[in-house]
Amino acid sequence: MTKLTLRLAALLETAARTLRSYGREDGKVLVLGGVRSGKSRHAEDLMTRHGNVVYVAAGLPPTDDDPEWAARVAAHRARRPSTWRTVETGDLTSVLRSARSPLLIDCLGTWLSRVLDEVGAWDQRKGWERRLDDRLEDFLAAWASAVVPIVAVSNEVGSGVVPATFSGRLFRDVLGTLNSRVAAESDRVRLVVAGRVLDLH
């Protein structure tokens, strides 16, 4: 066997061991919902049986310039179990590819807003569409290949009015497409409306 073959065999065995360590109910779950629908709390409830969860805060960290956002982040932190570890990052692809513990990602909407800013979408810098496609495809490939239980939270944006601005329409359209792509690679999809949870099959 070549060195490459041996390395691939070792990686596959590691992945198989990781999968065997979790129960049949585990897998990839996408939790969708509107603002204040209870989607984050439901996602947290889904992960409570795991003691070593990595909570991935994918939005921008709080700053003194935005006390309302800082208060939201603080409320989320306060209700997490003390055994969970928090990672604040916009590099979801690397987190997914290196994951060895269950992940809770909250949320894809705030992450996408961050990515759109980084690739220059808001001011339509030259080449932003290609840069955005590359980032999203990398993330989707990492999501599909991840072998640990994952719950990802995202905003459901398809039920509101058409935004009046280019940036609002861009965000809505890209996030709607991203949600559909993630759902296609998930074991379960749940929609939370006014605190009620609907299983989408």
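D106 is found in strand β4, where strands are DSSP runs of E with at least two residues, helices are runs of H or I with at least four, and both are numbered from the N terminus. This is a predicted model, in which local features need pLDDT of at least 70 and side-chain atom pairs count only at pLDDT 80 or more, while totals for chains, interfaces and linings use all residues. Residues are numbered from 1 along each chain as its sequence is written, and side-chain values use heavy atoms, with hydrogens and water left out.

D106 is buried, with a relative accessible area of 11%; buried means under 20% relative accessible area, exposed over 50%, and partly exposed in between, with a 1.4 Å probe and protein chains only. Leaving aside residues up to four places away in sequence, D106 touches S40, Y55, V56, A57, A58, H76 and V153, a contact being heavy atoms within 4.5 Å. A152 is 46 residues from D106 in sequence, yet the two are 6.1 Å apart in space, C-alpha to C-alpha.

The peptide bond that leads from D106 to C107 is cis, with omega near -5°. C107 itself lies in the loop between β4 and α5.

Helix α5 follows, covering residues 108-118, and its buried residues are L108, G109, W111, L112, R114, V115 and L116. An α-helix has 3.6 residues a turn, so residues three or four places apart point the same way. The buried residues of α5 pack against strands β1 (28-33), β4 (103-106) and β5 (150-155), and against helices α4 (92-98), α6 and α7. Just after α5, G120 takes a positive phi of about 85°.

Further on, in the loop between α5 and α6, is Q124. Q124 is not a glycine, but has a positive phi of about 55°. With a relative accessible area of 48%, Q124 is partly exposed.

Two of the helices that α5 packs against, α6 and α7, also pair with each other. The axes of α6 (residues 128-145) and α7 (residues 166-184) come within 11 Å and cross at roughly 25°; the axes are lines fitted to C-alpha atoms, for helices over the stretch in contact, and angles run from 0 to 180 degrees between N-to-C directions. That makes α6 roughly parallel to α7, since angles under 35 degrees count as roughly parallel. The crossing is right-handed, meaning that the near helix is turned clockwise from the far one by less than a right angle. On the α6 side, W128, L132, L136, E137, F139, L140 and W143 meet F166, L170, V174, L178, R181 and V182 of α7. The residues of this contact divide into eleven nonpolar, no polar and two charged; Ala, Val, Leu, Ile, Met, Phe, Trp, Tyr, Cys and Pro count as nonpolar, Asp, Glu, Lys and Arg as charged, and the others, Gly among them, as polar.

Beyond α7, the loop between β6 (188-193) and β7 (196-200) holds A194. A194 has a positive phi of about 50° although it is not a glycine, and at 70% relative accessibility A194 counts as exposed.

The chain as a whole has seven helices and seven strands, in the order α-β-α-β-α-β-α-β-α-α-β-α-β-β along the sequence. Of its 201 residues, 41% count as buried. Among contacts with a separation of 6 or more, residues 24 or more positions apart account for 77%. The chain exposes about 11,500 Å², of which carbon and sulfur atoms supply 53%; accessible areas come from the Shrake-Rupley method with a 1.4 Å probe, and for residues only the protein chains shown count as cover.

How values were computed: Parallel < 35°, antiparallel > 145°, perpendicular 65-115°, else oblique.
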